[in-house]
Amino acid sequence: QAQQVESGGGLVQPGGSLILSCLAPGNIFGRHAMGWYRQAPGKERELVAGITAEGRTQYSDFVKGRFTISRDGPKSTVYLQMNSLQPDDTGVYYCNAARPVSFTPLFGSWGQGTQVTVSS
């Protein structure tokens, strides 16, 4: 059963911004890289951004320069700052522990995610 909890999604106009949060248990957050993933309607879930326990980040090409991933150790929280949002960014956003090189998901269970809708 997934233990991470995503929040912060909503409806935003094109060009707008959102900040997503992922609260993960300390035994997961402290040991592992973390990733944000999204699933658009009718598409497979894909990596958006990842961050290692040491703070190294990786972004998918479609969000480079627009999104920023960060992590707060004391709060066991991973953030995704999303700027210049576009309709193609619409989807359900999930976080998960990740493998530190490929950022493929480490665990097979997923939380409920948080819905992001970009529309005018």
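**Notebook: N96 and its surroundings**

I began with N96, whose side chain I found reaching the backbone oxygen of F107 at 3.0 Å. I count this as a polar contact, meaning a pair of N or O atoms within 3.5 Å, where within protein one must be able to donate a hydrogen and the other to accept it, and where residues adjacent in sequence count only if both atoms are side-chain atoms.

Before going on I noted that this is a predicted model, in which local features need pLDDT of at least 70 and side-chain atom pairs count only at pLDDT 80 or more, while totals for chains, interfaces and linings use all residues. Residues are numbered from 1 along each chain as its sequence is written, and side-chain values use heavy atoms, with hydrogens and water left out.

**Entry on N96, continued**

I placed N96 in strand β9, which covers residues 91–98; strands here are DSSP runs of E with at least two residues, helices are runs of H or I with at least four, and both are numbered from the N terminus. N96 has a relative accessible area of 0% and is therefore buried, a term I use for under 20% relative accessible area, with exposed for over 50% and partly exposed in between (1.4 Å probe, protein chains only). Leaving aside neighbours within four places in sequence, I listed its contacts (heavy atoms within 4.5 Å) as Q4, A33, M34, G35, Y37, P105, F107, S109 and W110.

**Entry on the whole chain**

I then stepped back to the overall fold and found one helix and 10 strands, running from the N terminus as β-β-β-α-β-β-β-β-β-β-β. The radius of gyration is 13 Å, which agrees with the value near 14 Å for a compact globule of 120 residues; it is taken over C-alpha atoms, and the globule rule is 2.2 Å times the number of residues to the power 0.38. Along its principal axes the C-alpha trace spans about 40 × 30 × 25 Å.

Buried residues make up 45% of the 120 residues. Of the contacts with a separation of 6 or more, 57% join residues that are 24 or more positions apart. I read an exposed area of about 6100 Å², of which carbon and sulfur atoms supply 49%; the areas come from the Shrake-Rupley method with a 1.4 Å probe.

**Entry on Y59 and I69**

Which backbone atom lies 2.9 Å from a polar atom of the side chain of Y59? I found that it is the backbone nitrogen of I69. Y59 belongs to strand β6, residues 57–59, and I69 to strand β7. Residues up to four places away in sequence being left out, Y59 touches V48, A49, K64, F67, T68 and I69. Its C-alpha atom is separated by 9.7 Å from that of G35, which is 24 residues away along the chain.

I69 itself is buried, with a relative accessible area of 4%. With the same neighbours in sequence set aside, its partners include M34, W36, A49, V78 and L80, besides Y59. I also looked up R31, which is 38 residues from I69 in sequence and 17 Å away in space, C-alpha to C-alpha.

**Entry on E46**

Is E46 buried or partly exposed? At a relative accessible area of 31%, I recorded E46 as partly exposed. It lies in strand β5, residues 46–51, and, apart from neighbours within four places in sequence, is in contact with W36, Y37, R38 and F62. E46 and L20 are 26 residues apart in sequence and 16 Å apart in space, C-alpha to C-alpha.

**Entry on positive phi angles**

I checked two loop residues that are not glycines. S76, in the loop between β7 (67–72) and β8 (77–82), has a positive phi of about 50°. With a relative accessibility of 15%, S76 counts as buried, and beyond residues up to four places away in sequence it touches C22, L23, A24, G26 and F29.

F103, in the loop between β9 and β10 (114–118), has a positive phi of about 60°. At 1% relative accessibility, F103 too counts as buried.
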